[in-house]
Structure formats: C-alpha cells, structure tokens
Amino acid sequence: MSDSIAITKISELANPTRFLALAGRVLPWLAGVTAALFMIGLYLSFTTEGDYQQGATVRIMYIHVPAAWLSMMCYTVMALSAIGTLVWRHPLADVSHKAAAPLGAAFTFVALATGSLWGKPMWGTWWVWDARLTSVFVLFLMYLGLIALNRAMDDPSKAARVSAVLILVGFVNIPIIKFSVDWWNTLHQPASVIRMGGPTLDKEFLWPLLIMALAFTLLFFTLHIIAIRNEIWRRRVAAQRRLAARLASREA
Amino acid sequence: MNHTFYIAMSYGITAVTVLCLIAWTWLDGRARRRELAGLEASGIRRRSAKPTEVSQ
C-alpha cells in the first residue's frame, strides 16, 4: 500500500507543471536552511581547535571533504536519473541529469583545487598521479564531456539517451574513487569518516565537518531544483517558439 | 607561504565557485522567465495553459 503511494507521488512529479509548483513552495525553505547551516558550519570551522600535526590547515578539510563527497553524490544522482530516462522514460529524468552536470563539475573542481591547496603544505606537493587524485580528475573530465555532449546535440531526446548511456558506463568510476585508497597504495589518506568501525576523527573536527557536509548537500539540492526549473522553462520557450513559427508560416 | 595563505585560497576559491553557481542559476532563471513573459505578451501561449486559466 505504502509502495503504491510512493510510486504515485513520484509519478505526480513527472508532470513538469506540478514539479514547478512544488519547487516554488520548497525552494525558499531549502535556501533558508542551507544558509543557516553554512553560518553555523563556518562559525564552527573557524572557532574549533587546529590539529596537533596539521595545525590550522585542518580547516581546509571542512570544505574539501564535503565538495569531494558531493562530486560523487552528484554523479550518483545523475546515474539514477539516467536509469529514469532509459528504463521508465520519466519526463523529468533527462532534465535532472542535464541540470546536475555543471553542478557536479563545479564541486569536483572545488575538491581538486582545495585538495591541491591542502596537499602542498602537508605533502610538500600540489599534485601526484596517485589512484585517488587521478580517478577524481577523470570524474571532472567526465562531467565536462557530458556538458559538451548535451550542448553539441540539437535533439534533446537523442542527447538525453546518449548522455544516459554514457553516465551509466562512467558510473564504474565512483566505486573506483571510493575504494582507490584501499585497493592501491596512495599518498591520499584512507577513509576516516564513512568507514567500518566508525569515524576516526575527534568530535572537535567531526561536528563542523558533518554540519558543513549537510550544508553543501542542501546547497546542491537547492541549486539542482533551480537548474531543473530553468531547464523546464528553457524547453517551454523552445516549444512556444516552434509553435509561433508554425503559426507564422500558416498565415504566410 | 604560510598556512593562512593556503586556507584563505581554499575558502576563496570555494566561495567564488559557489557564488558563480548561484549567479548562473539565478540569471538563467530570470532570462527564461523574461522570454516566457515576452512570448505570452505576444499571444503565444502553451496549449495546456488555456484550460487551467479558465478553470481558475
């Protein structure tokens, strides 16, 4: 019974007009909670103690780790949307993965840039071609490739299907990124938050990290809903312009 | 370069990237709304829009 209710709710969202109405109601709350969490997270990030080994550079962790986590979560959202496009032909699924790609690229860029800025004082180098750094760099290139592919094809439905296949093939990179630090000998440290046996971080660092991670996650969903709404409007403009052109040619 | 430089650069790059994303989504949405309003003003409406307006 509850399953059928959940399916009905998801089916209702397939209607872009219903999605727009829901987005209009949800966005102000989502944006407000995101801003509040960022204020708390940033306050904690700059008021908690420094690490006994890393000193104040540990503060880079509060933006690097959430950005790295989002770079993978965004691709997972895109992979689910790709399944929605290919299997259920959900009308908003391809809009969702098209809208998410620039956001994923931006968060992956932040993860790479802040990682490099953290690596220089701690490792003594800006970059090494180890498994973790290289696989995240490949993820960044995949995001750029998907953005280019979507823009290169005129037919949105064809672009959606080709992108969806490419996204699902590329999803193999996500477990490689996650487990690269366990499978290979890397300069990058192993997992210290999401791991068997619980986090190894002290509570002094864990709380600001978790709050910043939640703030970044809500920021992603806020921007994703806005980007989906923009894409729906873009398609409506294109459809109405085609209608206007047909009417004009009939009159001529 | 001291630690403060690396921390400031990290937070600076993140802030600029996030602000660019917010500006992009906001400006894109504003441009699309203007285009839709322009089309509606010139009498081009979605076929599904008319019955909804009548029922309201």
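How many disulfides does the structure hold over all chains? I looked this up at the start and found 0 disulfides over all chains, taking a disulfide as a pair of cysteine sulfur atoms within 2.5 Å.

**Basis of the entries.** I note that this is a predicted model, in which local features need pLDDT of at least 70 and side-chain atom pairs count only at pLDDT 80 or more, while totals for chains, interfaces and linings use all residues. Residues are numbered from 1 along each chain as its sequence is written, chains are lettered from A and ligands numbered from 1 in the order in which they are written, and side-chain values use heavy atoms, with hydrogens and water left out.

**Cysteines.** I looked up two cysteines by relative accessible area (buried under 20%, exposed over 50%, partly exposed in between; 1.4 Å probe, protein chains only). A:C74 counts as buried because its relative accessibility is 0%. B:C20 has 49% and therefore counts as partly exposed.

**Annotated spans.** I read in UniProt, from an unreviewed entry, the feature "transmembrane region" at residues 6-27 of chain B. For chain A the record places the feature at several spans, including 66-88 and 131-150. Such annotations may be inferred rather than shown by experiment. I checked the spans against DSSP runs (helices H or I, at least four residues; strands E, at least two; numbered from the N terminus). Residues 6-27 of chain B are 100% helix and 0% strand, with end C-alpha atoms 31 Å apart. Residues 66-88 of chain A are likewise 100% helix and 0% strand, and their end C-alpha atoms lie 31 Å apart. For residues 131-150 of chain A, I found 100% helix, 0% strand and 29 Å between the end C-alpha atoms.

**Interface of chains A and B.** I counted as contact heavy atoms within 4.5 Å; 40 residues of chain A are in contact with 25 residues of chain B. The two chains bury about 3000 Å² between them, 75% of it on carbon and sulfur atoms. A:L117, A:W233 and A:Q240 lose the most area on the chain A side, together 20% of what that side buries. Buried area here is the accessible area (1.4 Å probe) lost when two parts are put together, summed over both.

**Salt bridges between chains.** I applied the rule of a Lys or Arg side-chain nitrogen within 4 Å of a carboxyl oxygen of Asp or Glu. It gives 2 salt bridges between chain A and chain B. A:R234 meets B:D28 at 2.8 Å, N to O. α8(A) gives the largest share of the chain A side that touches chain B, 16 residues. A:R241 meets B:E35 at 3.8 Å, N to O. This pair crosses from helix α8 of chain A to helix α1 of chain B. A:R241 is partly exposed at 45% relative accessibility, and B:E35 is partly exposed at 25%.

**Around B:R32.** Is B:R32 buried or exposed? I found B:R32 buried, with a relative accessible area of 13%. B:R32 lies in helix α1 (residues 3-41) of chain B and forms a salt bridge with B:E35 (3.0 Å, N to O). B:E35 and B:R32 are 3 residues apart in that helix, so about one helical turn separates them. Across the interface, B:R32 touches A:N230, A:W233, A:R234 and A:V237, not counting residues up to four places away in sequence.

**Within chain A.** I found A:E231 in a salt bridge with A:R235, the closest N and O atoms being 3.0 Å apart. Both residues lie in helix α8 of chain A, 4 residues apart. A:E231 is buried at 6%, whereas A:R235 is partly exposed at 26%.

**Network.** I recorded 8 salt bridges over all chains. A network of salt bridges links A:D94, A:K98, A:E231, A:R234, A:R235, A:R241, B:D28, B:R32 and B:E35.
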